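Please walk through the structure shown below, with attention to ring contacts, one strand residue and one helix.

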Amino acid sequence: MSIVQVLRFIFLLTVCGAASSNVARNVLLLIADDGGFEMGTYRNKICQTPYLDKLAKNSLIFNNAYTSVSSCSPSRSAILTGMPAHQNGMYGLHQGVHHFNSFDKLESLPKILKQNNIRTGIIGKKHVGPKSVYPFDYEQTEDNNSILQVGRNITHMKLLTREFLKNSSSPFFLYIGFHDPHRCGHTNPEYGEFCEKFGNGDVGMGSIPDWHPIYYQPEQIQLPYFIPDTPAARKDVAAQYTTISRLDQGVGMIINELKNRGLLESTLIIYSSDNGIPFPSGRTNLYDSGMAEPMFISSPYHKERRNQVTYSLTSLLDITPTVLDWFQLDTDKSKPILSGKSLLPLLIEEPTNVTSEAVFASHSLHEVTMYYPMRAVRTHRYKLIHNLNSNSPFPIDQDFFLSPTFQDILNRSRAHIPIPWRKTLGTYYFRSEWEMYDLKKDPEELNNIADKSTMKGIFDMLQQKLFDWQLKTNDPWICSPHAVLEDKGSYKNNPKCLDLYNVKQ
């Protein structure tokens, strides 16, 4: 028996032994709101995140984690069901006029856990519905509180966490939905573009007792490659950094609550974000800048890979299977069958063969007016994106439209002033129906090779992978935009894509 096999055997004995002897097994899921890689763990040397970095050192760090949809409600529904948004019904945002909901008879993670006598709680941003599909035993969210208080006031969030833990008998699942570092210039401009002034102690801003604000100079911040290098964008990112540091301090306090109650050594901790950051090519996009997410998992029963990195392709669709596996609940009985996988084996060893690995993404809408469905498949080497509504300009959401970064892009474009940006407003708006990128040679996804004859074999392979995934996950858009899916009546037992003959000649 090899060393790896021995370690796996010991790990399984430890996990199974803990369960069989009724040792508490809990889960803490921490989800940032539009969070990115602005932390020391991912080599950002400016944004100060000591508590996230400390958690990462006690975790397996994921370098290839991706959301399955770059939009808030759809992503959160996918996290809590293990099913892509097109399969669970959350096609766009849940709140207000957008009013999207998951299907009524869906078996979500909190519902499954509740059925198995695992206490569930959510503090902060929920942003999914209906409540009958996503029931929690303990709820302190935007549905019954101010989202600023339960999502950004980290002192209040700490006290709510304490209340939940005090009244919880193990096992439990606690989901913390931070509202940082989401923009708030559209809804609460008095607090700054990212609510970076909320609770900072200035006149009229209120005070968050446990928060020690950290401010950043625009000229010092590290700009991601996909953001224009302009004064407006730098000031924007500097404000974002301040709220990331607030989130970081909140993470530290919540974990400390676990420690104070003696629960840290029995709790699996997962940290990630729902989608890309709210900047051009970020949120609502299926480029890596919109799909790639920070992620780390800390297991109390496995320490061998702590502070190590996994390069295995991972999806946020894997979170539900991972939690079910942690509680040793049978995922094979899930209906419909989950398309993700448990990540617990990665805590034991890195897979030796990753050639067949792929992650998928499915984006249909963000706001209700933003109909721009996209589907994507990503392997270690290549990315294929299908833009189903490519004849329309790429839509812009309300809060990003008002952002200093985008307003500066608009003003410069109108005045024909050069923008230090890898794209133009025109190339950002208007995209080919198919985009394909060689991520090894073109990690910034700027050179579309979908039409290259020399790449046809790779293109066809990726296209088939994507089609197979859409078929497996019952994607209603599987035939779009050039055919209609007929799967009822005469076609009930033999579904077909019937050609519309609408391809431009």
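**Rings, a buried threonine and a helix**

In this predicted model, Arg246 sits over the face of Trp211, 4.5 Å from the ring centre. Arg183 is placed over the face of Phe279, and here the distance to the ring centre is 4.6 Å.

Rings also pair with one another, and the count comes to 21 aromatic pairs. One of them joins Phe136 and Tyr175, a tilted pair with 6.5 Å between centres and 40° between the planes. Phe136 belongs to the loop between β3 (119-124) and β4 (138-141), while Tyr175 is in strand β5 (residues 172-177), so the pair ties together parts that lie 39 residues apart in sequence. Phe136 counts as buried at 7% relative accessibility, and Tyr175 is buried at 0%.

Tyr138 and Phe164 make another tilted aromatic pair, with centres 5.6 Å apart and planes at 55°. Because Tyr138 is in strand β4 and Phe164 in helix α7 (residues 154-166), this pair ties together parts 26 residues apart in sequence. Both rings are again on buried residues: Tyr138 has a relative accessible area of 9%, and Phe164 has a relative accessibility of 0%. Elsewhere, Tyr372, Phe394, Trp421 and Tyr428 are linked by ring pairs into a cluster.

Next comes Thr314, which is part of strand β9 (residues 314-315). Is Thr314 buried or exposed? Its relative accessible area is 0%, so Thr314 is buried. A polar atom of the Thr314 side chain lies 3.1 Å from the backbone oxygen of Ser312. Leaving aside residues up to four places away in sequence, Thr314 touches Phe62, Asn64, Ala65, Tyr66, Met295, Lys341, Leu343, Leu346 and Val359.

The last stop is helix α14, made of 17 residues (456-472). From first C-alpha to last, α14 reaches 24 Å, close to the 24 Å expected at 1.5 Å a residue. Which residues of α14 are buried? They are Phe459, Leu462, Leu466, Trp469 and Gln470. These residues cover an arc of only 100° around the axis, which means they are on the same side of α14. The buried residues pack against α4 (85-88) and against four strands: β10 (359-363), β11 (374-378), β12 (382-387) and β13 (434-438). On the face of α14 turned away from the buried side are the exposed residues Lys456, Gly457, Leu471 and Lys472. After α14 comes Asn474, which has a positive phi near 55°.

Methods: Residues are numbered from 1 along each chain as its sequence is written. This is a predicted model: local features need pLDDT of at least 70, side-chain atom pairs count only at pLDDT 80 or more; totals for chains, interfaces and linings use all residues. Side-chain values use heavy atoms; hydrogens and water are left out. Helices (H or I, at least four residues) and strands (E, at least two) are DSSP runs, numbered from the N terminus. The expected span of a helix is 1.5 Å times one less than its number of residues. Buried means under 20% relative accessible area, exposed over 50%, partly exposed in between (1.4 Å probe, protein chains only). The arc is that of the directions from the helix axis to the C-beta atoms. Contact means heavy atoms within 4.5 Å. A polar contact is a pair of N or O atoms within 3.5 Å; within protein, one must be able to donate a hydrogen and the other to accept it, and residues adjacent in sequence count only if both atoms are side-chain atoms. Rings of Phe, Tyr and Trp (its six-membered ring) pair if their centres lie within 6.5 Å; planes under 30 degrees apart count as stacked, over 60 as edge-to-face and the rest as tilted. A charge sits over a ring if NZ of Lys or CZ of Arg is within 6 Å of the ring centre and within 35 degrees of the ring normal.
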